[in-house]
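Let's take a friendly walk through this structure, with an eye on its aromatic rings. Have the model open and follow along.

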Amino acid sequence: MKKIFTFLVAFLAIAGNAVWGQEADTGDFTVTQGSDYSFESSDSEGGILTITGDVTVSNTNQMATNNRIVIDGGTETYPIDVTFNGINIKVEKDYRWPVMIKSGSYVNLILENENTIESPKFSNGTAATRGILWLEGDEDTGAFSSLTIKGEGKLNVIVNSDINAIGGINALINIESGIIEATKGGIGGQNSTVNISGGEITMNTESSSWGCIGGGNVSTVIISDDAKIYLKNPKNGIYANKIEISGGTLDITYESDYAENNAGNGIVCRGCDDPDTQ
């Protein structure tokens with residue numbers, strides 16, 4: 001009887017992906033160092049991996065996947081730690097985000113190795129309210145989500161329409177370290193706060209009407225410490241109601257045919273006394 005009971009416990013642990021230290025394949029992802037997740041498959045839109053606690057996630061192989069990630073959890077005191085260690089997501093259907101942070105969540109996103117997220121197209125009017133890495137919020141209720149990016153890895157954001165690379169309504173975005181490179185779009189959004197104190201950010205947003213950093217209404221941008229920010233061909237490099245720059249490197253360049261004919265403003269501070277000099 002004792003042997004039968006022991007076998008049953010071991011079998012249930014394996015079936016539930018609960019063996020200590022075991023990697024668990026969920027869709028096209030592999031999840032390690034955590035068990036707070038679930039996966040829902042969809043034949044028409046790809047599956048969704050929902051993360052609710054501390055985990056490390058990577059692609060099972062190096063090929064891009066149509067599966068997406070939702071992160072839902074954490075508090076201001078105890079944010080959840082989600083490590084991207086080789087994510088490669090290419091959403092095939094229009095108007096779908098590769099990664100979303102649910103409203104009310106507090107998330108530390110830790111970058112290891114190289115990670116890439118891409119989405120094909122979003123409709124007009126979503127530029128200041130969503131992002132390829134989308135922080136969900138609600139302007140009417142004041143609901144928001146919080147994201148802190150750190151680590152030694154890299155996040156590539158491939159944007160194929162006029163939308164933020166990282167952002168959303170009421171988004172709280174802190175960038176402490178890591179490398180972020182975006183082909184288009186911006187970081188921020190409507191009623192957002194973007195605080196960059198470290199890391200290296202390179203953005204080419206020649207067709208964005210909002211700006212590389214900030215954007216939308218009533219947004220705040222803070223740049224300090226060891227931040228390195230390189231903005232190429234923006235219509236507006238930084239666009240916010242409140243801008244504080246106390247350190248770091250900010251380099252805004254115009255170096256394309258588009259930029260020559262459509263060069264905008266390096267920094268636009270809508271709430272400053274003298275926007276031309278802030």
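The paragraphs below visit the aromatic pairs one after the other, along with a charge that sits over a ring. Please keep in mind that this is a predicted model.

How many aromatic pairs does a search of the whole structure find? The answer is two. Start with Trp97 and Trp134, whose ring centres are 6.3 Å apart and whose planes meet at 50°. That angle makes the pair tilted, because only planes under 30 degrees apart count as stacked and those over 60 as edge-to-face. Now look at where the partners come from: Trp97 belongs to the loop between β8 and β9, while Trp134 is part of strand β12, so their contact ties together parts that are 37 residues apart in sequence.

Are these two tryptophans buried or exposed? Trp97 has a relative accessibility of 11% and counts as buried; Trp134, at 9%, counts as buried too. The cut-off behind both calls is under 20% relative accessible area. Trp97 has another neighbour to find on your screen: the charged end of Arg68 sits over its ring, 4.4 Å from the centre.

Next, turn to Tyr106 and Phe144. This pair is edge-to-face, with 6.0 Å from centre to centre and 85° between the planes. Here too, distant parts of the chain are linked: Tyr106 lies in strand β10 and Phe144 in the loop between β12 and β13, 38 residues apart. The partners differ in their surroundings, as Tyr106 counts as buried at 17% relative accessibility, whereas Phe144 is partly exposed at 28%.

Terms used
Residues numbered from 1 in each chain as written. Predicted model: local features only at pLDDT ≥ 70, side-chain atom pairs only at ≥ 80, totals over all residues. Heavy atoms only, no water. Phe/Tyr/Trp six-rings, centres within 6.5 Å; stacked < 30°, edge-to-face > 60°. Helix = DSSP H or I, 4+ residues; strand = E, 2+ residues; numbered from the N terminus. Buried < 20%, exposed > 50% of the residue type's maximum accessible area, 1.4 Å probe, protein only. Lys NZ or Arg CZ within 6 Å of the ring centre and 35° of its normal.
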